[in-house]
Amino acid sequence: MSGNITLVPGKRHYLFCADEEGIKLLQPLIDVVKDGNISYEIQIVKDNWNPILSSEWLRVQKMGSFLYATAEWNVLKKLKQLAEDAGFSEEEAQYIGYGKEQIKVFCCRCHGISVLEKGQPERNCDHCGLLLEVSDHYSQLRDAFLGYVAKL
């Protein structure tokens, strides 16, 4: 997931899925697509957002569609999972998050997962209490960063 939004040219159909703040971030791209008379759809994620409806909307899209999803980090992670379950690859979508992002850290000693705010360099493990230094080694399997021993 990145913070940079760029138009990927040459796609058959563009999908914009965002909450009310996120649609403001996507508006320049939507304007370009509108001006180019290119096929597109917009889905707004509101407070009473129903993930099942979004899932169905993503599943019925045809090949050649490109997805832009923008929302707060906690909602964006759910949207990304729905898109991946519907068959969208990393090359067929851009995800743009905003707000405070939380990450998971995998303890090297007890293998427990702790949650902390991104940018926090150290944290005690929620399970064994070991002080962990957050590394940049990310595991897709665990959806977490590896935490090394900060102090012995």
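This passage describes the cores, one helix and the aromatic pairs of a predicted model. Residues are numbered from 1 along each chain as its sequence is written, and side-chain values use heavy atoms, with hydrogens and water left out. Because the model is predicted, local features need pLDDT of at least 70 and side-chain atom pairs count only at pLDDT 80 or more, whereas totals for chains, interfaces and linings use all residues.

A good place to start is the interior. The largest nonpolar core (buried Ala, Val, Leu, Ile, Met, Phe, Trp, Tyr and Cys residues joined through side-chain atoms within 4.5 Å) has 18 residues, of which Leu-58, Leu-67, Leu-76, Leu-79 and Tyr-95 touch the most other members. Two or more residues each come from strand E1 (13–19), helix H2 (51–59), strand E3 (65–72), helix H3 (73–86) and strand E4 (93–98); helices (H or I, at least four residues) and strands (E, at least two) are DSSP runs numbered from the N terminus. H3 gives the most, with 6 residues. A second, separate core has 10 residues, including Phe-16, Ile-30, Val-33 and Phe-66.

Contacts (heavy atoms within 4.5 Å) add detail around H2. Beyond its neighbours within four places in sequence, Leu-58 meets Leu-67, Leu-82, Ala-83, Ala-86 and Phe-88. Ser-54 also lies in helix H2 and has a relative accessible area of 1%, so Ser-54 is buried (under 20% relative accessible area; exposed is over 50% and partly exposed in between, with a 1.4 Å probe and protein chains only). Residues up to four places away aside, Ser-54 touches Gln-43, Trp-49 and Leu-82.

Turning to helix H1, its buried residues are Gly-22, Ile-23, Leu-26, Leu-29, Ile-30 and Val-33, and these pack against E1, strand E2 (40–45), E3 and E4. Helix H1 bends by about 50° at Leu-26, with Pro-28 following within four residues; the bend is the angle between axes fitted to the seven residues ending there and the seven starting there. Just after H1, Asn-37 takes a positive phi of about 55°.

The structure holds 5 aromatic pairs, in which rings of Phe, Tyr and Trp (its six-membered ring) have centres within 6.5 Å; planes under 30 degrees apart count as stacked, over 60 as edge-to-face and the rest as tilted. Tyr-14 and Tyr-68 are stacked, at 6.3 Å centre to centre and 25° between the planes. This pair links strand E1 to strand E3 across 54 residues, and both tyrosines are buried. The ring planes of Tyr-138 and Phe-145 stand at 55° with centres 5.0 Å apart, so that pair is tilted.
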